[in-house]
Amino acid sequence: MASPSRSGCTPISAAYRLVRAGIRKQNGPACSIRWTGEWAAVRDRAGAEGRTAVVVGWDGAVRGVLTVADAVKEGSAAAVAELRALGLTPVLLTGDNRAVAESVARETGIDEVIAEVLPEDKVAVVRRLRAEGRRVAMVGDGVNDAAALATADLGLAMGTGTDAAIEAGDLTLVRGDLRVAADAIRLSRRTLGTIKGNLFWAFGYNVAALPVAAAGLLSPMIAGAAMAFSSVFVVTNSLRLRTFTQSPTAARDPHLDESISKS
């Protein structure tokens, strides 16, 4: 079996006959298949229903059309809603045809759709968004997503995806649940807020206490106790992160929860 070409067609040697299969509507140089009215209607109807039509043909004529569709994972719409609640703008970036992408976008509540793009096109979209001053987080699980994951400000790879995507991502989400991405962003924001709070109190504490100590108005014993209290405050403030809980809409993993509680 040969590799797919940019035209979307793959030549397959079967039963001593050259069979071609592809998903593009256009007849590229690798296809050279004549669409008839009947098969064109099947193709168009599949696109209107949000399915991808895969044409199979030989001797320059269409012999059959296979329709396939990706089932939207449970919780995807809730995940998009959570991302919006965090102030983010979800964008659907996919290599599927536009009709399929728009169908998925309607089901999940995504307004902006960029469809029918190749891996290099995904990288170009990410770079364009960054050039516009946006901070881009890319979520992906396939080999075609690897380059875009590496280009984005934050690459979130699904743990159930390919090794290429996991290697390219900055963060791996253990479960294949998109709602975990919203949890990861919420936890990272809370962690950053804790770090900033610790720095503020640590520096503010010392800036206020040092002049008093230099003036001789603070005994060494009280100063030592104050420094110890400062350390205790920072540690206690950081331990508040242990109270973080994942979104109630996310499917819980009891094994993961147990490992977190033991850490």
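1. The loop between β6 (112-114) and α4 (119-131) contains E116, and in this predicted model the phi of E116 is near 55 degrees, a positive value in a residue other than glycine. The backbone setting deserves a remark, since most residues other than glycine have a negative phi. With a relative accessibility of 42%, E116 counts as partly exposed, and a reader who wishes to inspect the loop may begin at this residue, which sits between β6 and α4.

2. A second positive phi is found after helix α2, where G87 follows the helix with a phi near 90 degrees. Here the residue is a glycine, whereas E116 shows its positive phi in a residue other than glycine.

3. Helix α2 itself spans residues 76-85, and its buried residues are S76, A79, V80, E82 and L83. These residues cover an arc of only 160 degrees around the axis, and so they lie on the same side of α2. Which elements are included in what covers the buried residues of α2? Helix α3 and helix α7 (179-214) are both part of that cover.

4. On the side of α3, T108 may be taken together with the preceding point. T108 belongs to helix α3, which comprises residues 98-108, and, leaving aside its neighbours within four places in sequence, T108 is in contact with V72, S76, A77 and V80. Two of these partners, S76 and V80, are also listed among the buried residues of α2. Is T108 buried or exposed? Its relative accessible area is 8%, and because buried means under 20%, T108 counts as buried.

5. Turning to the sheet, 3 strands form an open arrangement in the order β7-β8-β9, with parallel pairing. The edges are held by β7 (137-140) and β9 (171-173), each of which has a single partner strand, so that one side of each is left without a neighbour in the sheet. On average, and with direction ignored, neighbouring strands of this sheet are turned by 25 degrees against each other.

6. The pairing of β7 with β8 can be followed residue by residue. The two strands run parallel and are joined by 4 bridges, with β8 covering residues 154-158. Within this pairing, V139 stands opposite L156, and G140 stands opposite A157. The two faces of β7 are unlike in their cover, for M138 and G140 make up the covered face, while A137 and V139 make up the uncovered one. From β7 the chain crosses to β8 through helix α5 (residues 146-151), and the resulting β-α-β crossover is right-handed.

7. A search of the whole structure finds 8 salt bridges, among them the pair R179 and D177, whose closest N and O atoms are 2.9 Å apart. How accessible are the two partners? R179 is buried, at a relative accessible area of 10%, and D177 is likewise buried, at 10%.

8. Another salt bridge links R186 with D183, and its closest N and O atoms are 2.9 Å apart. Both residues lie in helix α7, 3 residues apart, which is about one turn of the helix. The partners fall into separate accessibility classes, for D183 is buried, with a relative accessible area of 5%, whereas R186 counts as partly exposed at 28% relative accessibility.

9. Salt bridges that share partners also join R128, E132 and R134 into one network. Within that network, E132 forms a salt bridge with R128, for which the closest N and O atoms are 3.2 Å apart. Both of these residues are partly exposed, E132 at 45% relative accessibility and R128 with a relative accessible area of 38%.

10. For the chain as a whole, the secondary structure comes to 9 helices and 9 strands. Of its 263 residues, 34% count as buried. Among contacts between residues at least 6 apart in sequence, 41% join residues at least 24 apart.

Methods:
Residues numbered from 1 in each chain as written. Predicted model: local features only at pLDDT ≥ 70, side-chain atom pairs only at ≥ 80, totals over all residues. Heavy atoms only, no water. Pairing = 2+ DSSP bridges. Axes fitted to C-alpha atoms, helices over the stretch in contact; angles between N-to-C directions. Buried < 20%, exposed > 50% of the residue type's maximum accessible area, 1.4 Å probe, protein only. Right-handed = clockwise from strand over helix to strand, strands pointing away. Contact = heavy atoms within 4.5 Å. Arc of directions from axis to C-beta. Salt bridge = Lys/Arg side-chain N within 4 Å of Asp/Glu carboxyl O.
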